[in-house]
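User: Please take me through the packing of this model and its annotated positions, one question at a time.

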Amino acid sequence: MDKTAQTVWERCLQFIKDNIQPQAYKTWFEPIRAVKLTDNSLSIQVPSKFFYEWLEEHYVKLLKVALTKELGDGAKLVYIIRMENTYGNKKPFTEKIPSNNRPAVPSQELDVPLKNKNPELKNPFIIPGIRNVKIESQLNPNYSFDNFLEGDSNRLARSAGLAVANKPGGTSFNPLLVFGGVGLGKTHLAHAIGVDIKDKYPEKTVLYISAEKFTQQYIESVKKNTRNDFIHFYQLIDVLIIDDVQFFSGKSGTQDVFFHIFNHLHQNGKQVVLTSDKAPVDMQDIEQRLLSRFKWGLSAELQSPDYETRISIVKNKLYRDGVEMPEEIVEYVAKNIKTNVRELEGAIISLIAQSSFNKKEVTLDLASQIVEKFVKNTKREVSIDYIQKIVSDYFQMDVATLQSKTRKRHIVQARQLAMFFAKKYTKASLASIGSQIGKRDHATVLHACKTVDNLAETDKQFKKYIEEISQKLTL
Ligand code: ADP
Ligand code: MG
């Protein structure tokens, strides 16, 4: 028999009914309508956003099991929420939200051998000599591998992360160090590894912590004279994830304590995952013995995503938020925000907000205003090196040629343009511009700027050069 949304949902319901209280079934499942089935994705309509939130919070596991039974491993669930006319419009509108399938990470319990401490623990149910502690993993279940989109820029780091999650402590990627600039996904990937490990190995104790918080805890432990407890606690963890370890630089006490924890974990086959905004070779004020430990495993870089990956990231974000947006807007945003995924997401969120609060349609114009705001703050700093690179690329010569002493007209022009843009886009002095662009003096630079100004007014072709290079520099 062909599968339809209805038949699939009927069968899910039977399974659900057998597994929950009749009253809960009546309240939360009877009002649901199955509306659409495409491939392995079932859309169900729920009466309100609250309803959707309740289902996601309390029944997402059950729903996932039921749906996977019917549709296989890649089964997806999409909620369709019918909203009443919020703006007083006639038409009710609908919102589509895909299920996260992400219940909270369960809390972890650990049996800690008591070293004749805490005599107040007299509970007879506690095995003598053993103390049971709860450790919250501090993991954010919303950061998963599923929503960490793959591209050339992150393939190595992502696959290494997956390998570690499959066999924590059992690969040569120990420690796994993920490094890269701001907003490129280090924190996301770090959580995803932990979340995936908790899925696959619920019995393992996983702990995510920022290097900053780790440092605070350490300082606190020194103050309270509990440094040893601090060390022992961390030595009990199976998978220790420390975010932004560049924060350790210059803090020798913290480095020392981490060194001991690290050695203990590593010797016992426990997994360590670290992130940093720099490669180990570029880290400063970190002790040599610690740096050498960082290099034991694998250092994998997260780079700026290429255009294709940026497009998928934007589309995925829209999909998860249940928002539709014209293709040309998606392309425009992905084309113009290049270096930072956080900004890419920020621009999209801001676009969605602008359009829904002000009831404005999302147009290219609105998109360009918003993108401008995001790009301005970060991309303004253009370097003289970068200018020389762009100008020489534009005239298809290399930078050495641009800087050479030759008097060939087109080369002189390129050099003068580079000087002109350096004056316009950087805060560098004329002398400094001159010395960086082929060791000229400040008078030469001044002359170049005047020449460019003149030619811009008299020579159409030259004016076009200026405009086109300008555009490349400010994109
Ligand atoms: P970092 O820690 O490197 O500064 P984050 O992990 O905080 O960066 O990432 C910034 C934002 O970009 C987060 O919202 C994250 O979910 C998102 N992001 C980064 N890389 C990806 C990716 N490959 N796919 C989807 N989202 C990503
Ligand atoms: Mg981070």
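User: Leaving aside neighbours within four places in sequence, which residues is Y59 in contact with?

Analyst: This is a predicted model, in which local features need pLDDT of at least 70, side-chain atom pairs count only at pLDDT 80 or more, and totals for chains, interfaces and linings use all residues. Residues are numbered from 1 along each chain as its sequence is written, and side-chain values use heavy atoms, with hydrogens and water left out. With contact taken as heavy atoms within 4.5 Å, and neighbours within four places in sequence set aside, the partners of Y59 are I20, A24, W28, F29 and W54.

User: Which element gives the most to the largest nonpolar core?

Analyst: A nonpolar core is a set of buried (under 20% relative accessible area, 1.4 Å probe, protein chains only) Ala, Val, Leu, Ile, Met, Phe, Trp, Tyr and Cys residues joined through side-chain atoms within 4.5 Å. The largest one has 30 residues, and Y59 and W9 are among those with the most contacts inside it. Among the elements giving two or more residues to this core are helix 2 (22–28) and helix 3 (49–58), where helices are DSSP runs (H or I, at least four residues) numbered from the N terminus. The greatest contribution, 6 residues, comes from helix 1.

User: Is K186 buried or exposed?

Analyst: UniProt, in an unreviewed entry, lists K186 for "binding site" together with G183, G185 and T187, although such annotations may be inferred rather than shown by experiment. K186 lies in helix 6, and its contacts beyond four places in sequence include D244, T275 and L302. Because its relative accessible area is 7%, K186 is buried.

Key
Chains are lettered from A and ligands numbered from 1 in the order in which they are written. Buried means under 20% relative accessible area, exposed over 50%, partly exposed in between (1.4 Å probe, protein chains only).
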